[in-house]
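Student: Got a minute? I'd like to go through a model with you.
Tutor: Sure, put it up.

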Amino acid sequence: MTKISPQFAEDLKQYGEDTALECFNCGTCVAICPLIDGSFPRKLIRYVQIGAKDRILLNRNELWKCLHCGLCSESCPRGADPGGILLSLKRYAVASWRKS
Amino acid sequence: MFDPKDIIENIADNVRVTHNPFGLNKEGFNTWWKEVDVPATGDALLFTGLMYQLVPYIKAATGYLEKYEDKPMAKYLKYGKFIPKTVANMGLQKIASQDEKLKTATTLGNMVKILKASDVSFFYDHDLDEYSGVLLYDLGDQEGFENHARFVAKKLQSAGIKKLITVDPHTTYALKVLYPKITGISFEVQTWFEVADLAGKAEHGEITLHDPCFYGRYLEVSDAPRAALNKAGVNCTEINNNGSFTNCCGGPAESVSPKLADEVGLRRVAELQATGKPIVALCPICMVNLEKCGADVVDLSSVLVDAI
Ligand code: SF4
Ligand code: SF4
């Protein structure tokens, strides 16, 4: 079962990004992302919103599919920065394995 | 896909020890300037960030990765970390193609010719030219990137450098946007095509430009290469996904998944090829991936140099 942690979006600020709570899940970023890969990157933004840290770390490899191309951030109608959030999650994952 | 942890820790170790992502000896791979008549004094330092020089090694390493992606052998890659640097270095040195090294020297040599013909006051010092560390930033090793950025920024500052002319989008973004925030040290940074000023008649009449993500979106300088091309008598046939809405070449996925890089790259190549015009790139990473996906691509410098 996924542990919910509403504090996580706040915690992620130390890794650089604080726009996840702006996202209203419209899916524009999914439609425009050149990866054409299921619900990437919106799914990960949602995980940040609900604080599903364990799911993010369990599937951490998929974070690195992101090319950091920025097209999603250019297109987000809410001014969220999905590409930046993904970069922060990469930093969070790197910090997690270095701590362990 | 490879385990990003193995790849990142490998690259981080290499940057820490040798200041470049492949663990190479700089004197061994940054040799282009020996063949080129480049000024030793001037206002701005030509700062290549060594990206073009790393292309032969990126191609060689990608060839290896491609062979083992999703195969059981992939797990041995993690032991790459423990291979003594000199052995890893010799391995890559051997398989990096001589033709690719020549191509790098020609591309950077063309940029030098264009800058000279544009009366730009610049110089090159191979000792001051360093890798920017930007791959660590992109991969999420912020600590490794920050340490490296401080090393490079302090080195340039100690040498009294104020102005930089850069040659690729990743290095430009690192030096112009990231370094001031991280190191507190700022330089006046311009790309080579922003300072180029050539009026003439280049051989290519019409081309299609592939805007790199960092120039198109992050740095918003897409107008500059078009202006330089127009001045040299070259028109751009535009595609829909250009400028700030450019599509990625797929190259950034190369280090963790050559397969994914191909998927994205093939889609981009189809968009670019639709115009039927020669495809022009402004970034060594774009160049490598678009070519790998079957496109004929020329560097912007080789188009502009004709106008001299
Ligand atoms: S485009 Fe913006 S608002 Fe829409 S799902 Fe993506 S991050 Fe959320
Ligand atoms: S930055 Fe990442 S998630 Fe956003 S469009 Fe590019 S590849 Fe997709």
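Tutor: Let's take the interface, then the ligands, then the aromatic pairs. Keep in mind that this is a predicted model.

Student: OK, interface. How much area is buried between chain A and chain B?
Tutor: About 2300 Å². Carbon and sulfur atoms give 59% of that.

Student: Which residues of chain A lose the most area to chain B?
Tutor: A:Trp64, A:Leu67 and A:Arg98. Together they make up 25% of what that side buries.

Student: And how many residues does the contact take from each chain?
Tutor: It takes 20 residues from chain A and 31 residues from chain B.

Student: How many salt bridges between the two chains?
Tutor: The count is 4. One pairs A:Arg98 with B:Glu143, at 4.0 Å from N to O. So A:Arg98 turns up twice: in that salt bridge, and among the residues of chain A that lose the most area to chain B.

Student: What about polar contacts across the interface? How many residue pairs?
Tutor: There are 12 residue pairs in polar contact, with both residues at pLDDT 80 or more.

Student: Which helices of chain A each supply at least two residues to that side?
Tutor: Helix H5 (71-75) and helix H6 (82-99). H6(A) gives the most, with 6 residues.

Student: What's the class make-up of the side of chain A that touches chain B?
Tutor: 10 nonpolar, 4 polar and 6 charged residues.

Student: Switching to ligands. What surrounds ligand 1?
Tutor: Four cysteines are in the list: A:Cys23, A:Cys26, A:Cys29 and A:Cys76. The shell also includes A:Phe24, A:Asn25, A:Arg42 and A:Arg78. By class, that shell has 7 nonpolar, 3 polar and 2 charged residues.

Student: And which residues are around ligand 2?
Tutor: Among them are A:Cys33, A:Cys66, A:Cys69 and A:Cys72, along with A:His68, A:Phe40 and A:Leu67. A:Leu67 is also one of the residues that lose the most area to chain B.

Student: How does the shell around ligand 2 split by class?
Tutor: 8 nonpolar, 3 polar and no charged residues.

Student: Last topic. How many aromatic pairs over all chains?
Tutor: A search of the whole structure finds 13. One is A:Tyr15 with A:Tyr92, edge-to-face. Their centres are 5.8 Å apart, with 65° between the planes.

Student: Which parts of chain A does that pair tie together?
Tutor: A:Tyr15 lies in the loop between helix H1 (8-11) and helix H2 (28-32), and A:Tyr92 lies in helix H6, so the pair ties together parts that are 77 residues apart in sequence.

Technical notes
Residues numbered from 1 in each chain as written. Chains lettered and ligands numbered in written order. Predicted model: local features only at pLDDT ≥ 70, side-chain atom pairs only at ≥ 80, totals over all residues. Heavy atoms only, no water. Near = heavy atom within 4 Å. Nonpolar A, V, L, I, M, F, W, Y, C, P; charged D, E, K, R; others polar. Contact = heavy atoms within 4.5 Å. Buried area = accessible area lost by both parts, 1.4 Å probe. Salt bridge = Lys/Arg side-chain N within 4 Å of Asp/Glu carboxyl O. Polar contact = N/O pair within 3.5 Å; in protein donor to acceptor, adjacent residues only side chain to side chain. Helix = DSSP H or I, 4+ residues; strand = E, 2+ residues; numbered from the N terminus. Phe/Tyr/Trp six-rings, centres within 6.5 Å; stacked < 30°, edge-to-face > 60°.
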